Amino acid sequence: MSLIKQTGGFVPRDRDWQPDALTPPYKTSLKRSPQAALLSFPTTLSEETSPVFGHNLIGELDNDLILNHAQPGESAIGPRIIVHGRVLDEMGRGVPGALLEVWQANAGGRYRHKKESYQAALDPNFGGCGRTITAEDGSYEFRTIQPGPYPWPNGMNDWRPAHIHFSVFGHGFAQRLITQMYFEGDPHIKLCPIVGVLKSQEAVDALTAPLDMHRTVPMDSRAYKFDIVLRGQRQTYFENRKEGL
Amino acid sequence: MVQKLEYLKESPSQTAGPYVHIGCTPNFTGIEAYGGDLGATMKTGPVKGTEITVKGTVYDGMGMPLRDAMIEIWQADSNGLFASANETRGDADPNFTGWGRSAGDMNTGEFTFETIKPGSVPFPDGRPQAPHITAWIVARGINIGLHTRIYFEDEAEANAIDPILTRIEHQNRIPTLLAKPEGEGVYRFDIHLQGPLETVFFDI
């Protein structure tokens, strides 16, 4: 299967499901949320097209965070895991050729970023960024260490659950998405104001990766499965109808 | 019982957080990776059309510049064609990617894109849209990426009949979508997330 030409426009985003802009317990959202209504219109070519990232963009270790910042013969410290899954659209079709970029803290919850001042130590063999492109069936995988929780200045004693950030490109710029993956069973999930912007337990579950013993490599790495769903694209049958609807 | 609609739900968005640069512009934050940051240049050779610079700053509701935002732009080439796999109308300029990404200046937050003035792209019903650049803003405190468009103040005729601009109820907000000429080939497009100068954001 290659890229199917579908120009029927994207299904509208469900704003009752997606988080609101203004979510006061997450304090930074107070002054960074628009107050006027969003202007709605059906997608046009500007939103139905998107940059193409070829597989030749990806270096050999780009999807291996255990090794991609490590000295030769060394590796990052922490629980070794594989994260894998599929990128799908709302109709359940795999999205091939989707660029995924991931970033995360190290096993102690420390990010490699100059504005980060948490006292947990950096791991000299861990950078914290990786990327990959989905295969023909929309599947992807990368290898990393499980990140640690870390404290952040929001409430008096707020800690983020262990999480991995994902940036995803689909086939249309309207599908552009950034989200976070959480780990099954983490007690911080229900305490976190950023998780708290999600409107239902179903939405929290959609971002929580289960432990996947089927993909675990014995004596090597455990595995977590994380599927990502992008907005669906309509078929082209009614393309020349006014407004594209 | 009627049949079930078995569609999947889009993955919920979460904020990009303050360290988005680790993943998306690692070299900018001091992590050498990938042989350079993706989207740092939009030109891979001599490009067709008028080369321009678009600069701007993202401000919060207190008028403070964001210094941890990431801005991406996506646009057509000078003939109105996209460098996209699903562009069916012709071949876009092979030396122009159409896509750029900027973390802004580390101290001031000002972003800069070296790009070209886009050509007109048709609306689904065939009417011409005024030249525009799609912009997408993510940052700490933004729960779901904000879409807007950069139009050009010196395209008054095209702007006056643009299908999107003419749809805006509060026509006095149109200037928030216009990049203002600021010297030879340079345009300024400031983004205000909140307040009286608030930029028009789109649900597309």
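**Exercise 1. A charged trio in chain B**

Is Asp190(B) buried, partly exposed or exposed, and what is its relative accessible area? Work that out on this predicted model, then follow the salt bridges that lead away from Asp190(B).

*Solution.*
- Step 1. Start with the number: Asp190(B) has a relative accessible area of 23%. Buried would need a value under 20% and exposed one over 50%, so Asp190(B) counts as partly exposed.
- Step 2. Now find the partner. Asp190(B) pairs with Arg188(B) in a salt bridge, with 3.1 Å between the closest N and O atoms.
- Step 3. Keep going from Arg188(B), which also forms a salt bridge with Glu182(B), this one at 2.9 Å between the closest N and O atoms.
- Step 4. Check the far end: Glu182(B) comes out at 38% relative accessible area, so Glu182(B) is partly exposed.

**Exercise 2. A salt bridge within chain A**

Which parts of chain A does the pair of Arg215(A) and Glu141(A) tie together?

*Solution.*
- Step 1. Take the total for context: over all chains, the whole structure has 24 salt bridges.
- Step 2. Pick out the one we want. Arg215(A) and Glu141(A) meet through their side chains, 2.4 Å from N to O.
- Step 3. Place both ends. Arg215(A) is in the loop between β10 (208–209) and β11 (222–225), while Glu141(A) belongs to strand β5, so this salt bridge ties together parts of chain A that are 74 residues apart in sequence.
- Step 4. Look at accessibility. Arg215(A) is partly exposed at 34%, and Glu141(A) is partly exposed at 37%.

**Exercise 3. Rings in chain A**

What kind of aromatic pair do Tyr140(A) and Phe166(A) make, and which cluster do they belong to?

*Solution.*
- Step 1. There are 17 aromatic pairs over all chains, and this is one to examine.
- Step 2. Use the geometry: the ring centres of Tyr140(A) and Phe166(A) are 6.2 Å apart and the planes meet at 75°, so we call the pair edge-to-face.
- Step 3. Trace the rings back to the chain. Tyr140(A) sits in strand β5 (residues 139–145) and Phe166(A) in strand β8 (residues 163–168), so the pair links parts of chain A that are 26 residues apart in sequence.
- Step 4. Tyr140(A) and Phe166(A) are both buried.
- Step 5. Widen the view: Phe142(A) and Phe226(A) join Tyr140(A) and Phe166(A) in one aromatic cluster.

**Exercise 4. Across the interface**

How many residues of chain A are in contact with chain B, and which rings and charges meet there?

*Solution.*
- Step 1. Count the contacts: 87 residues of chain A touch 75 residues of chain B.
- Step 2. Add the area. About 7500 Å² is buried between chain A and chain B, with carbon and sulfur atoms giving 58% of that.
- Step 3. Try the rings. Phe173(A) and Trp74(B) are stacked, at 6.4 Å centre to centre and 25° between the planes. Phe173(A) is in the loop between β8 and β9 (177–183) of chain A and Trp74(B) is in strand β3 (residues 70–74) of chain B, so the pair joins two chains. Both residues are buried.
- Step 4. Turn to charges: seven salt bridges cross between chain A and chain B. Arg176(A) bridges to Glu72(B), with the closest N and O atoms 2.7 Å apart.
- Step 5. Build that out. Shared partners put Arg176(A), Glu72(B), Glu101(A) and Arg101(B) into one salt-bridge network.
- Step 6. Finish with charges over rings. The charged end of Arg176(A) sits over the ring of Phe169(A), 3.7 Å from its centre. Across the chains, Arg131(A) has its charged end over the ring of Tyr34(B), 3.7 Å from the ring centre.

**Exercise 5. The annotated spans and a glycine**

Which residues does UniProt list for the domain in chain A and in chain B, and where does Gly109(A) lie?

*Solution.*
- Step 1. Read the record. The unreviewed UniProt entry gives "domain: Intradiol ring-cleavage dioxygenases" for residues 83–111 of chain A, and an unreviewed entry lists that domain at residues 54–82 of chain B.
- Step 2. Describe each span. Residues 83–111 of chain A are 0% helix and 41% strand, with end C-alpha atoms 19 Å apart. Residues 54–82 of chain B are 0% helix and 34% strand, and their end C-alpha atoms also lie 19 Å apart.
- Step 3. Locate Gly109(A): the loop between β3 (99–103) and β4 (129–133) of chain A. With a relative accessible area of 0%, Gly109(A) is buried.
- Step 4. List its company. Beyond neighbours within four places in sequence, Gly109(A) is in contact with Glu116(A), Tyr118(A), Gly148(A), Pro149(A) and Tyr150(A).

Conventions. Residues numbered from 1 in each chain as written. Chains lettered and ligands numbered in written order. Predicted model: local features only at pLDDT ≥ 70, side-chain atom pairs only at ≥ 80, totals over all residues. Heavy atoms only, no water. UniProt positions renumbered as here; feature names shortened; annotations may be inferred. Helix = DSSP H or I, 4+ residues; strand = E, 2+ residues; numbered from the N terminus. Phe/Tyr/Trp six-rings, centres within 6.5 Å; stacked < 30°, edge-to-face > 60°. Buried < 20%, exposed > 50% of the residue type's maximum accessible area, 1.4 Å probe, protein only. Lys NZ or Arg CZ within 6 Å of the ring centre and 35° of its normal. Contact = heavy atoms within 4.5 Å. Buried area = accessible area lost by both parts, 1.4 Å probe. Salt bridge = Lys/Arg side-chain N within 4 Å of Asp/Glu carboxyl O.
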